[in-house]
Amino acid sequence: MTWQQFLTEKVLGECWHDGTSILMAGYHCKKCDKIFTCNHTFDNRNDLLDLYEAIYRDGKWDEFFWFSASHCKPKREGLGCSETTAWLFCLDGKDYEKRCKMVADFYGWNERDPVIDKNSGAYGDN
Ligand SMILES: [Zn+2]
């Protein structure tokens, strides 16, 4: 399971669509039977905020905030100050993907999940 699939299914509780193309309309998902255009990419503001909202709904925002603060290396101020929040919300417009991936880490995503090794071969040769 990729970290993007993990975030979609385990954190957002949505379907990681898997389907086939149908003429100009997009794709038909064979799991949820919906028409979709693409899965979450987790490299943009919308996806990041969806994740943060999900964390908040889970009642884990406080825990997550301090987890993430430990990954931030503030230069001027201490942990938990304005510098950390700017970093957390990518106010410089960069690194959405890194913050999203941090959410996956927070929820325990593990790229060495045996399911991945067995089914995808993604960790084969490199
Ligand atoms: Zn689906």
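Gly13 is exposed, because just 9 other C-beta atoms lie within 10 Å and a residue counts as exposed at 12 or fewer. The model is predicted. Gly13 sits in the loop between α1 (3-11) and β1 (19-22). Gly13 and Ala54 are 41 residues apart in sequence, but their C-alpha atoms are 9.0 Å apart in space.

**Helix α2**

- Helix α2 covers residues 45-57, which makes 13 residues.
- From first C-alpha to last, α2 reaches 18 Å, close to the 18 Å expected at 1.5 Å a residue.
- The buried residues in α2 are Asp47, Leu48, Asp50, Leu51 and Ile55.
- These buried residues lie on the same side of α2, because they cover an arc of only 160° around the axis.
- An α-helix has 3.6 residues a turn, so residues three or four places apart point the same way.
- The face of α2 turned away from the buried side carries exposed residues: Arg45, Asn46, Leu49, Glu53, Tyr56 and Arg57.
- What covers the buried residues of α2? The cover includes α1, α3 (61-69) and α5 (96-106).

**Helix α5**

- In α5, the buried residues are Arg99, Cys100, Met102, Val103 and Ala104.
- These buried residues of α5 pack against α1, α2, α3 and α4.

**The largest nonpolar core**

- The largest nonpolar core has 11 residues.
- Its members are Met1, Phe6, Leu7, Phe42, Leu48, Leu51, Ile55, Cys100, Met102, Val103 and Ala104.
- Helices α1, α2 and α5 each supply at least two residues of this core.
- Which helix gives the most to this core? It is α5, with 4 residues.
- In soluble globular proteins, nonpolar side chains tend to be buried together.

**The sheet**

- An open sheet of 3 strands runs in the order β1-β2-β3, with antiparallel pairing.
- The edge strands are β1 and β3 (35-36), and each pairs on one side only.
- Strand β2 covers residues 26-29 and pairs with β1 over 4 bridges, in the antiparallel sense.
- One bridge partner is named here: Thr20 is matched with His28 in β2.

**Positive phi angles**

- Most residues other than glycine have a negative phi.
- Phe42 is not a glycine, yet Phe42 has a positive phi of about 55°.
- Where is Phe42 found? Phe42 is in the loop between β3 and α2.
- Is Phe42 buried or exposed? Phe42 counts as buried, because 24 C-beta neighbours lie inside 10 Å and the cut-off for buried is 20 or more.
- Phe42 is also one of the residues of the largest nonpolar core.
- Asp95 is not a glycine either, and Asp95 has a positive phi of about 70°.
- Asp95 lies in the loop between α4 (82-88) and α5.
- Asp95 is partly exposed, because 14 other C-beta atoms lie within 10 Å.
- Gly59 comes just after α2 and takes a positive phi of about 75°.
- Gly108 comes just after α5 and takes a positive phi of about 90°.

Note on methods:
Residues are numbered from 1 along each chain as its sequence is written. This is a predicted model: local features need pLDDT of at least 70, side-chain atom pairs count only at pLDDT 80 or more; totals for chains, interfaces and linings use all residues. The expected span of a helix is 1.5 Å times one less than its number of residues. The arc is that of the directions from the helix axis to the C-beta atoms. Two residues are in contact if their C-beta atoms, placed from the backbone, lie within 7 Å. A nonpolar core is a set of buried Ala, Val, Leu, Ile, Met, Phe, Trp, Tyr and Cys residues joined through C-beta atoms within 7 Å. Two strands pair if DSSP finds at least two bridges between them.
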